[in-house]
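Visitor: I'd like a close look at one single part of this protein. Could you take me to the second largest cavity and tell me which residues line it?

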Amino acid sequence: MPARRNFWKSTVGAAGRGRLVSGAVFCTLASFLTLGWGSEMPPAPEGKAPPPGKEAAMKAVKLPKARTESDVSLESTFLTRRSVRSYKNEPITLEELGQLLWAAQGITHPDGLRTAPSAGALYPLELYVAAGRVEGLTQGVYSYDPHKHTLRPVAEGDMRAALSAAALGQDPVRRGAAVLVFSGVHRRTTIKYGRRGVRYVHIEVGHAAQNVCLQAEALGLGALTVGAFDDAKVHGLLKMGDGEEPLYLMPVGKPF
């Protein structure tokens, strides 16, 4: 041990030891911040309040109660589901929109469990709607509150064309009656699972998106999953929060 201490003294010195210890502490703290360790998980927000301005005049919208039975079998939706890229210039109903949102992230248990599985039941996903042609709903961007089955206003105006431009000009995003947008707050999952949690978030959005696809098929609607878009532009258009990342765009509407 004395030989080792002498080697440390002669090779590194007091200043060098200080730099090494500081560097180690910095790296450890950086890892904690990246993975979300060392801090408490924030509660999942009930919904985003509208920013000041015209959006403040928009009202929260209580959605019709979701149905849990229909005449369409699950197996038949497996058989007929397709990615739909052409939509009629017709509105969808508020009931249909609410059913799609419930299928994606609806609450199905008193403990807050949802329609789609989530690692650790941590629910990192947020869900938005860019409404264009929805009966009884003002054009604008809304966030979905699954606990109250309610739409909360985020931004006023039809954002479908802007989202289409952000999605490399993909026309279905502009022509759908509405566009569902999934985002993820990775920290809610990585705080428990570390870096592996990033994968779990991406798996989870696939679960939720497939629910939307099958529910759309059961309603006689079309849906499309879009992953090619400019993250920063979508983030800005939907006024997403810090640490929130857009993951999926899903135009929905009445198919030709």
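Guide: Sure. Lining the second largest cavity you'll find Arg81, Arg82 and Val84, together with Cys213, Ala216, Glu217, Leu221, Gly222 and Ala223. Keep in mind that this is a predicted model. Sort those residues by class and you get five nonpolar, one polar and three charged. The nonpolar ones are Val84, Cys213, Ala216, Leu221 and Ala223, Gly222 counts as the polar one, and the charged ones are Arg81, Arg82 and Glu217.

Now for the elements behind that wall. Two of them, α8 (196-219) and β6 (222-223), each put at least two residues into the lining. Of the two, which gives the most? That's α8, with three residues. Going by the numbering, those are Cys213, Ala216 and Glu217, while Gly222 and Ala223 belong to β6.

As for the space itself, the volume of this cavity is about 40 Å³. The count of cavities of 30 Å³ or more comes to two. In general, rolling a probe the size of a water molecule over the atoms is what shows where empty space is left.

Stepping back to the whole protein, its secondary structure comes to nine helices and seven strands. Out of 256 residues, 43% are buried, which here means under 20% relative accessible area. Among contacts with a separation of 6 or more, 74% are between residues 24 or more positions apart. On the outside, the protein exposes about 13400 Å², with carbon and sulfur atoms supplying 56% of that.

Methods: Residues numbered from 1 in each chain as written. Predicted model: local features only at pLDDT ≥ 70, side-chain atom pairs only at ≥ 80, totals over all residues. Heavy atoms only, no water. Helix = DSSP H or I, 4+ residues; strand = E, 2+ residues; numbered from the N terminus. Buried < 20%, exposed > 50% of the residue type's maximum accessible area, 1.4 Å probe, protein only. Contact = heavy atoms within 4.5 Å. Areas by Shrake-Rupley, 256 points an atom, 1.4 Å probe, with all protein chains shown as cover. 1 Å grid on protein atoms, 1.4 Å probe; cavity = no way out; pocket = protein on both sides within 12 Å on 5 of 7 lines; lining within 4 Å. Points joined across faces, edges and corners; volume = space filled by probe spheres on them.
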